[in-house]
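Let's take a walk through this structure together, one set of side-chain contacts at a time. Have the sequence and the 3D view at hand as you read.

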Amino acid sequence: MNEKRVLFRCNADHATGFGHVSRCLSVARELRQSVDHICFALGSGDAVRRVQERGFTAAVLSGNDADAAFEQLVSRMRPSILVMDVRPAHSEACLRAVRALVPTIAVIDDSSRQRLFADHVFLPPTPTTKQLDWTDFKGQIHMGLEWMPLGDTFEPCPPSPWPGTGPRRLLMTMGGSDPWGYTMALAPELDAVCRLQGMELGIVIGPGFAQREQQIETCTALPCRPRIFDSPARMTEVYQWCHVALIVFGVTAYELAACARPALYVCPNADYKEHAGVFVAEGKGRTWPLRPYSLAFLSDVLEKMFMLTFAPLPNAGAKSIANLVQL
């Protein structure tokens, strides 16, 4: 009997962040019991340890030609299933070669032409994804927030809105690496509003932060005496602590929505803002403008956010993807 092998293609580094690997690990966990071997093909060594700690094999695509290294790995491994959650996309020549070798290909949250080589494409319902050209596509399209997998350490927690009395807790988390430097840029402003409004502030310093020790020292010294979450192993416990979060949009937005915690979404570019717009339209939060604003404006926005409530986002994306790709 032939072995059933699964290959995940994703990247993780300081610039990319770790969200793609994290959600692929969730899908891998769902597949673990029904396949013989699972391997992650990574663009760098930054996430190798994390993949190995979860019990999976990791291969780093070495050399300057990622396409060639990827083709060689696929040719050697001959996976039954390939799951792709990778930026930037591989060339079409590479994808055609891989397509000829792999029976089932799934693509997660990718509107590039890479999706056209897949059997299953899983997408959030943004305006751009709704208008994509699917000419000659022969696979299946699965569009909706319910299809997006959450992080591998995530566990749902019950809604816990601010009760209207007692301290209000504001969390700032900018991902595992914060490549944009938002934590240090926004911390002084959050410190000021928390002192003004009597709020408690929590700040996550992720494992991939540049100059981590310096950032921890600087944040710890803020006058409001924030609670520092240093590389938390389980983000769910951090989400349980807060009532509202200020985040860079990404996997964290889905996880907070699954815990029914409102969020302000910082969006580095138009693509992030479009994705965040889906959550804003559903009443799960609002986008945060990256421009000068007054302390009074920030205070007013946060006041409204603490009163926001909504039903938790379903946490079934990883299981749904795992079930479909095995059919």
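Is arginine 234 buried, partly exposed or exposed? With a relative accessibility of 34%, arginine 234 counts as partly exposed. Keep in mind as we go that this is a predicted model.

Arginine 234 is a handy place to start, since its side chain meets that of glutamate 155 in a salt bridge, 3.0 Å from N to O. This pair links distant parts of the chain: arginine 234 sits in the loop between β10 (227–230) and α8 (235–241), while glutamate 155 belongs to the loop between β7 and β8, 79 residues apart. Glutamate 155 is partly exposed too, at 39% relative accessibility.

That's one of 21 salt bridges in the structure. Here's another: arginine 212 pairs with glutamate 213, with 3.7 Å between the closest N and O atoms. Arginine 212 counts as buried, at 18% relative accessibility, whereas glutamate 213 is exposed at 56%. Some salt bridges share partners, and in this way Arg49, Arg50, Glu53, Arg54 and Asp152 are joined into one network. Pick out arginine 54 and glutamate 53 there: their closest N and O atoms are 3.8 Å apart. Arginine 54 is partly exposed at 26%, and glutamate 53 is exposed at 51%.

What about a charge without a salt bridge? Take aspartate 110, in the loop between β5 (104–108) and β6 (120–123). Aspartate 110 is buried but has no salt bridge, and the nearest side chain of opposite charge, arginine 87, is 4.4 Å away. A salt bridge needs the nitrogen within 4 Å of the carboxyl oxygen, so that distance doesn't qualify. The side chain of aspartate 110 does make a polar contact, at 2.8 Å, with the side chain of serine 112.

Now for the rings. The structure has 17 aromatic pairs. One of them brings tryptophan 162 and phenylalanine 306 together edge-to-face, 6.3 Å centre to centre and with 70 degrees between the planes. Tryptophan 162 lies in the loop between β7 (140–143) and β8 (169–173), and phenylalanine 306 in the loop between α11 (295–305) and α12 (317–325), so the pair ties together parts that are 144 residues apart in sequence. Both partners are buried: tryptophan 162 has 17% relative accessibility, and phenylalanine 306 has 3%.

Another edge-to-face pair is tyrosine 265 with phenylalanine 279, at 5.9 Å between centres and 70 degrees between planes. Tyrosine 265 is in strand β12 (residues 263–266) and phenylalanine 279 in helix α10 (residues 270–281), 14 residues apart. Both of these residues are buried, and together with Phe249 and Tyr254 they form one aromatic cluster.

Charges turn up over rings as well. Arginine 168 lies over the face of phenylalanine 306, 5.5 Å from the ring centre. Over at tryptophan 134, the charged end of arginine 115 sits above the ring, 4.4 Å from its centre.

Last stop, the cysteines: how many disulfides does the structure hold? It has 0. Cysteine 39, buried at 5% relative accessible area, has its closest cysteine sulfur in cysteine 10, 10.0 Å away, which is too far for a bond. Cysteine 259 is in no disulfide either, although the sulfur of cysteine 157 is 3.0 Å away. The cut-off for a disulfide is 2.5 Å, so this pair doesn't count. Cysteine 259 is buried, with a relative accessible area of 0%.

How values were computed: Residues are numbered from 1 along each chain as its sequence is written. This is a predicted model: local features need pLDDT of at least 70, side-chain atom pairs count only at pLDDT 80 or more; totals for chains, interfaces and linings use all residues. Side-chain values use heavy atoms; hydrogens and water are left out. Rings of Phe, Tyr and Trp (its six-membered ring) pair if their centres lie within 6.5 Å; planes under 30 degrees apart count as stacked, over 60 as edge-to-face and the rest as tilted. Helices (H or I, at least four residues) and strands (E, at least two) are DSSP runs, numbered from the N terminus. Buried means under 20% relative accessible area, exposed over 50%, partly exposed in between (1.4 Å probe, protein chains only). A charge sits over a ring if NZ of Lys or CZ of Arg is within 6 Å of the ring centre and within 35 degrees of the ring normal. Lys and Arg count as positive and Asp and Glu as negative; His and the chain ends are not counted. A polar contact is a pair of N or O atoms within 3.5 Å; within protein, one must be able to donate a hydrogen and the other to accept it, and residues adjacent in sequence count only if both atoms are side-chain atoms.
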